[in-house]
Amino acid sequence: MAVGGVATLVIAGVASLFMAWAIGAGSSGSTPFAPAVGANAISVMRAGFVVGLLGFLGAVLQGANVSEAVGTQLIEGVQLTAPAATTGLIVAALLVAFGVFTGYPIATAFTVTGAIVGVGLAMGGDPAWAKYRQISALWILTPFVGGSIAYGTAKLLRSERITERVAIPILAGFVGLIVANIRFTIFGTGDTSRSLAFALSRGLSLPVVSGIDTGRVAASLVIAGGVAALLFWDMEQDADAGQRHFLLALGSLVAFSAGGSQVGLAIGPLVPLLDPYAIPLIPVLVGGGIGLLAGSWTGAPRMIKALAQDYSALGPRRSIAALIPSFAIAQSAVFFGIPVSFNEIIVSAIIGSGYAAGGGGVSRKKMVYTVLAWLGSLVLAIGVGYGAFTAIDSAL
């Protein structure tokens, strides 16, 4: 292994760790428990501690898909070099860190994607239009889908036609259905990942009917029913406690999903650099997870407070309504390997749940500044990434 190659890989690794810290302190560390903190279900400091641990687990167990997409699918015709990856990571990390210290939730996915595209174009690469269409579709649909689901869920929980003792267990069953079908490497073999429902269905030996695996469907329904029944029992013992337990479980699932999605933004640019040295992806995911954990423990509380208290004075019902679509969208993004902004997801869901209660507590001025920050970070990242790498490449 050449000394020069090792040196550039180490520099890129340090930049990746800095990026992971910035993400942990910003989007992945702050957004999952912001609604729960707003509902006084958990303290700011305790939320920062828990979200760091869960984000680490999500990064290791689910981080591969988005990492490979960011590292190899954002630009065509060229492969990222160590100087290009380092430049893109530093540009993105500085912009995200600016958001952390100023209190504005800069969209990490916008920033990293823009920076990598910028340096890739500066290298002479071609735009990956097919991937851009996938990414754009998710980014544009997220506010509408997330906000709509949050609005509908909040309306359901406020309805007098169905009591919370019934509505919340039904929602828990829906969440259980998603959890049952999340793919993990521990249920698969080699590089293949499988879901818990798939693993359980092997023991049922039920037939496939019209292309539908009835065993997997049965296992999914059993898991969903079990989760709903458990929460129904909890609500019967103490409705407020049951509601709080569900809210914290949702925050934990979102934190886990955030780790699986956001770690790819930090270590994805390193993926093309690993092949020449035969370095497996898992140790790199662990390193990225540690960076997220450090960021969550040291910088997330400030952003948790900003999201939970500045955007909306949330109650438990609106918080539940905000976290359910956040979890579903995050897992969809992980499944398809698309970088997604957790700030965009959670803020859209908070707005949707807020409007179900008449829009009270949602700061319109803050929302406008946030959207401008998202768009500005994308454009700025592309321009700065392109300019920075062009200047560095000319100097080398």
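Which residues in H5 meet which residues in H12? Here are some notes to get you started; keep in mind that this is a predicted model.

1. Let's take that question straight away. On the H5 side, look for Val66, Ser67 and Val70; their partners in H12 are Ser261, Val263, Gly264, Leu265 and Ile267. Sorted by class, this contact of H5 with H12 comes out as 5 nonpolar, 3 polar and no charged residues.

2. Now for how these two helices sit together. Two packed helices are described by the angle between their axes and the distance between the axes. H5 covers residues 64-72, and its axis comes within 7 Å of the axis of H12, crossing at roughly 30°. Angles under 35 degrees count as roughly parallel, so H5 is roughly parallel to H12. The crossing in which H5 passes H12 is right-handed.

3. H12 has another partner to look at, helix H11, which spans residues 214-237. The axes of H11 and H12 are 5 Å apart, and the packing angle is about 140°. Because of that angle, H11 is oblique to H12. On the H11 side you'll find Leu231, Asp234, Met235 and Gln237, and these meet Ala239, Ala241, Gly242, Gln243, His245 and Phe246 in H12. The class count for the contact of H11 with H12 is 5 nonpolar, 4 polar and 1 charged.

4. While you're at H11, have a look at Phe232, which lies in this helix. Is Phe232 buried, exposed or partly exposed? Its relative accessibility is 38%, so Phe232 counts as partly exposed. Setting aside neighbours within four places in sequence, Phe232 is in contact with Arg165 and Pro169. Ile170 is worth finding too: Phe232 and Ile170 are 62 residues apart along the chain, yet their C-alpha atoms are separated by 8.6 Å.

5. Next, the inside of the protein. The largest nonpolar core has 97 residues, and the members that touch the most others are Met19, Phe33, Phe246 and Ile320. Which helix gives the most to this core? That's H12, residues 239-267, with 11 residues. Phe246 may ring a bell: this residue is also one of those in H12 that H11 meets.

6. Finally, spend a moment on Phe33, named above for its many touches within the core. Not counting neighbours within four places in sequence, Phe33 is in contact with Ile42, Ala47, Val50, Val51 and Leu54, and also with Leu248, Gly251, Ser252 and Ala255.

Definitions and conventions
Residues are numbered from 1 along each chain as its sequence is written. This is a predicted model: local features need pLDDT of at least 70, side-chain atom pairs count only at pLDDT 80 or more; totals for chains, interfaces and linings use all residues. Side-chain values use heavy atoms; hydrogens and water are left out. A nonpolar core is a set of buried Ala, Val, Leu, Ile, Met, Phe, Trp, Tyr and Cys residues joined through side-chain atoms within 4.5 Å. Buried means under 20% relative accessible area, exposed over 50%, partly exposed in between (1.4 Å probe, protein chains only). Helices (H or I, at least four residues) and strands (E, at least two) are DSSP runs, numbered from the N terminus. Contact means heavy atoms within 4.5 Å. Axes are lines fitted to C-alpha atoms, for helices over the stretch in contact, and angles run from 0 to 180 degrees between N-to-C directions. Angles under 35 degrees count as roughly parallel, over 145 as roughly antiparallel, 65 to 115 as roughly perpendicular and the rest as oblique. A crossing is left-handed if the near helix is turned anticlockwise from the far one by less than a right angle, and right-handed if clockwise. Ala, Val, Leu, Ile, Met, Phe, Trp, Tyr, Cys and Pro count as nonpolar, Asp, Glu, Lys and Arg as charged, and the others, Gly among them, as polar.
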